[in-house]
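Hi,

Here is the structure I promised to pass on. Have a look at it first, and then read my notes below.

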Amino acid sequence: LIGSEPYIVRFAPGAAPPVDGFWTLGLAARAPSGALRAGGRLLDSRDALALDPDGALTVRIDHQPAGAPNWLPAPAGRLRLRLKLYWPKAAALGGGWRPPPPERIGGSHRSSTPQPEHRESP
């Protein structure tokens, strides 16, 4: 993802991450060295997240203040979403549940070719 472009992640009604604990959706940004660095930006299922009128949960990821509920502020530049499930249910562990992909909304697309990801060693 490119932080200067707006995205949404929409969990359909009843399709939030299946957990007995909680989940977080956060961002990791690229450092000047190219390494992926976790940031302090995240949403937590224990937060007061607002549901859409149909019961879905929409998260907006945007560099500009969205002024909307469930806004995850994104730094400019390349970034990656990190969804962490704490005490996941069997549907998540067995592969029966998959998170929805981020969807770019509005604006112009600035990145025409995907670049390979370089992951940090543990």
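What follows is a quick tour, from the overall fold down to a few side chains.

Keep in mind that this is a predicted model. The protein has 122 residues, and 30% of them count as buried. Its accessible surface comes to about 7,400 Å², with 55% of that belonging to carbon and sulfur atoms. There are seven strands and one helix, and the order along the sequence is β-β-β-β-β-β-α-β. If you look at contacts with a separation of 6 or more, 70% of them are between residues 24 or more positions apart.

Now the core. In soluble globular proteins, nonpolar side chains tend to be buried together. Here the largest nonpolar core has 16 residues, and the ones that touch the most other members are L27, V59, I61 and L72. Three elements give two or more residues to this core: β1, β2 and β4 (57-62). Strand β2 gives the most, with four residues. I61 is a good place to start clicking: leaving out residues up to four places away in sequence, I61 touches E5, P6, Y7, V9, L27, L72, A74 and L81.

Next, the rings. How many aromatic pairs does the structure hold? There are two. One is F11 with W23, a tilted pair at 5.7 Å centre to centre and 45° between the planes. F11 sits in strand β1 (residues 7-11) and W23 in strand β2 (residues 19-30), so this pair ties together parts that are twelve residues apart in sequence. Both F11 and W23 are buried.

The other pair is F22 with Y86, and this one is stacked: 4.4 Å centre to centre, with 15° between the planes. F22 belongs to strand β2 and Y86 to strand β6 (residues 79-88), so the pair ties together parts that are 64 residues apart in sequence. Y86 counts as partly exposed because its relative accessibility is 35%. F22 also has a charged residue over its ring: R46 lies over the face of F22, 3.5 Å from the ring centre.

Finally, two polar residues in β4 that you may want to zoom in on. The first is D62, which is found in strand β4. Is D62 buried or exposed? D62 has a relative accessible area of 7%, and the cut-off for buried is under 20%, so D62 is buried. A polar atom of the D62 side chain lies 3.1 Å from the backbone nitrogen of Q64. Setting aside neighbours within four places in sequence, D62 is in contact with G3, P6, W71, L72, P73 and A74.

The second is T58, also in strand β4. With a relative accessible area of 18%, T58 is buried as well. What does the side chain of T58 make a polar contact with? Its partner is the side chain of D52, at 2.5 Å. Not counting residues up to four places away in sequence, T58 touches I8, V9, R10, D52 and N70.

That's the tour. Shout if anything looks odd on your screen.

Cheers

Technical notes:
Residues are numbered from 1 along each chain as its sequence is written. This is a predicted model: local features need pLDDT of at least 70, side-chain atom pairs count only at pLDDT 80 or more; totals for chains, interfaces and linings use all residues. Side-chain values use heavy atoms; hydrogens and water are left out. Rings of Phe, Tyr and Trp (its six-membered ring) pair if their centres lie within 6.5 Å; planes under 30 degrees apart count as stacked, over 60 as edge-to-face and the rest as tilted. Buried means under 20% relative accessible area, exposed over 50%, partly exposed in between (1.4 Å probe, protein chains only). A charge sits over a ring if NZ of Lys or CZ of Arg is within 6 Å of the ring centre and within 35 degrees of the ring normal. A nonpolar core is a set of buried Ala, Val, Leu, Ile, Met, Phe, Trp, Tyr and Cys residues joined through side-chain atoms within 4.5 Å. Contact means heavy atoms within 4.5 Å. Accessible areas come from the Shrake-Rupley method with a 1.4 Å probe; for residues, only the protein chains shown count as cover. A polar contact is a pair of N or O atoms within 3.5 Å; within protein, one must be able to donate a hydrogen and the other to accept it, and residues adjacent in sequence count only if both atoms are side-chain atoms.
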